[in-house]
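Let's take a walk through this fold together. Have the sequence and the 3D view open, and we'll start from one residue and work outwards.

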Amino acid sequence: MAREKRHFTCVVCPVGCEIDVEAENGAILSMEGNRCKKWEEFVQQELREPMRVLTTTVRVKDAKWPVLPVRTDKAVPRRLIPEIMKEVSRIEMEAPVRISDVAVADIAGTGADVVATRSMERVSR
Ligand code: SF4
């Protein structure tokens, strides 16, 4: 990997420092814009493999609403998000659902589960 200049918004705390980094082969050569040192682990992870917690919805039947909010229970590789979304789009849960119920285990082989972020009662129609 050649020398590269990258820009990051640090998400470690709500300040959201805008950080400019010069790196080569994953090694940080210089940086500016940070207010503390916590940025380093975040930026190194971004250079290696950007990770994100994914929040989305899945279809749910026999509930008040047609969709249920869900999230991965840990960060997943950002490059796998399209594949994960494809898998999630095929899911349909059935009410009642409890918060933290697993919609999909080990989504796309990431080791992360997709879990409900709210409960939803069963509604008879
Ligand atoms: S660099 Fe430090 S102060 Fe700035 S957003 Fe990251 S953690 Fe917060």
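Which residues does L68 touch, not counting residues up to four places away in sequence? Leaving those neighbours out, L68 touches T57, V58, V60, M93, V97, A116 and M120. Keep in mind that this is a predicted model.

**Around L68**

L68 sits in strand 6 (residues 67–72), where the side chains alternate between two faces. On one face you'll find L68, V70 and T72, which are buried. V67, P69 and R71 point to the other face and are not buried.

L68 also turns up in the largest nonpolar core, a group of 15 residues in which L68 and V97 have the most contacts. Strand 6, helix 2 (81–89) and strand 10 each supply at least two residues of this core. There is a second, separate core as well, made of six residues, including C10, A23, W39 and F42. As a general point, nonpolar side chains in soluble globular proteins tend to be buried together.

**The five-stranded sheet**

Strand 6 belongs to an open sheet of five strands in the order 8-5-6-10-9, with mixed pairing. Strand 8 (92–94) and strand 9 (102–104) are the edge strands, each pairing on one side only. On average, neighbouring strands here are turned by 45° against each other, direction ignored.

Here are three of the antiparallel pairings in this sheet, each with a pair of residues that stand opposite each other.

| Strands | Bridges | Opposite residues |
|---|---|---|
| strand 5 (residues 55–61) and strand 6 | five bridges | V58 and L68 |
| strand 6 and strand 10 (residues 114–116) | three bridges | R71 and V115 |
| strand 9 and strand 10 | two bridges | V104 and V114 |

Strand 5 and strand 6 form a hairpin with five residues between the strands, and D62 takes a positive phi near 65° there. Helix 2 lies across strand 5, strand 9 and strand 10, and runs at about 15° to strand 5.

**The three-stranded sheet**

Now move to the other sheet. Three strands make an open sheet in the order 1-2-3, with antiparallel pairing. Its edge strands are strand 1 (4–9) and strand 3 (27–32), and each pairs on one side only. The twist from one strand to the next averages 30°.

Between strand 2 (residues 18–24) and strand 3, the antiparallel pairing runs over five bridges. E24 has A27 in strand 3 as its bridge partner. Helix 1 (residues 39–48) packs on this sheet and touches strand 1, strand 2 and strand 3. The direction of helix 1 makes about 55° with that of strand 2.

**A look at V53**

V53 is in the loop between strand 4 (51–52) and strand 5. Is V53 buried or exposed? It counts as exposed, because V53 has 11 C-beta neighbours inside 10 Å, and the cut-off for exposed is 12 or fewer. Even so, V53 has some contacts: leaving aside neighbours within four places in sequence, they are R71, T72, K74 and A75. Two of these residues were mentioned earlier on strand 6, where T72 is buried and R71 is not. The C-alpha atoms of V53 and T110 are separated by 12 Å, with the two residues 57 apart along the chain.

**Zooming out**

How many helices and strands does the protein have? The count is two helices and ten strands, in the pattern β-β-β-α-β-β-β-β-α-β-β-β along the sequence. The radius of gyration is 19 Å, well over the 14 Å that the globule rule gives for 125 residues, so the protein is more spread out than a compact globule. Along the principal axes, the C-alpha trace spans about 60 × 30 × 20 Å.

The domain assignment gives domain 1 (4–48) and domain 2 (55–116). Their C-alpha centres lie 30 Å apart.

Two last figures cover the whole protein. Of its 125 residues, 18% count as buried. Among contacts between residues at least 6 apart in sequence, 49% join residues at least 24 apart.

Terms used. Residues are numbered from 1 along each chain as its sequence is written. This is a predicted model: local features need pLDDT of at least 70, side-chain atom pairs count only at pLDDT 80 or more; totals for chains, interfaces and linings use all residues. A residue is buried if 20 or more other C-beta atoms lie within 10 Å of its own, exposed if 12 or fewer, and partly exposed in between; C-beta atoms are placed from the backbone. Helices (H or I, at least four residues) and strands (E, at least two) are DSSP runs, numbered from the N terminus. Two strands pair if DSSP finds at least two bridges between them. Axes are lines fitted to C-alpha atoms, for helices over the stretch in contact, and angles run from 0 to 180 degrees between N-to-C directions. Two residues are in contact if their C-beta atoms, placed from the backbone, lie within 7 Å. Domain bounds come from an automatic or database domain assignment. The radius of gyration is taken over C-alpha atoms; the globule rule is 2.2 Å times the number of residues to the power 0.38. A nonpolar core is a set of buried Ala, Val, Leu, Ile, Met, Phe, Trp, Tyr and Cys residues joined through C-beta atoms within 7 Å.
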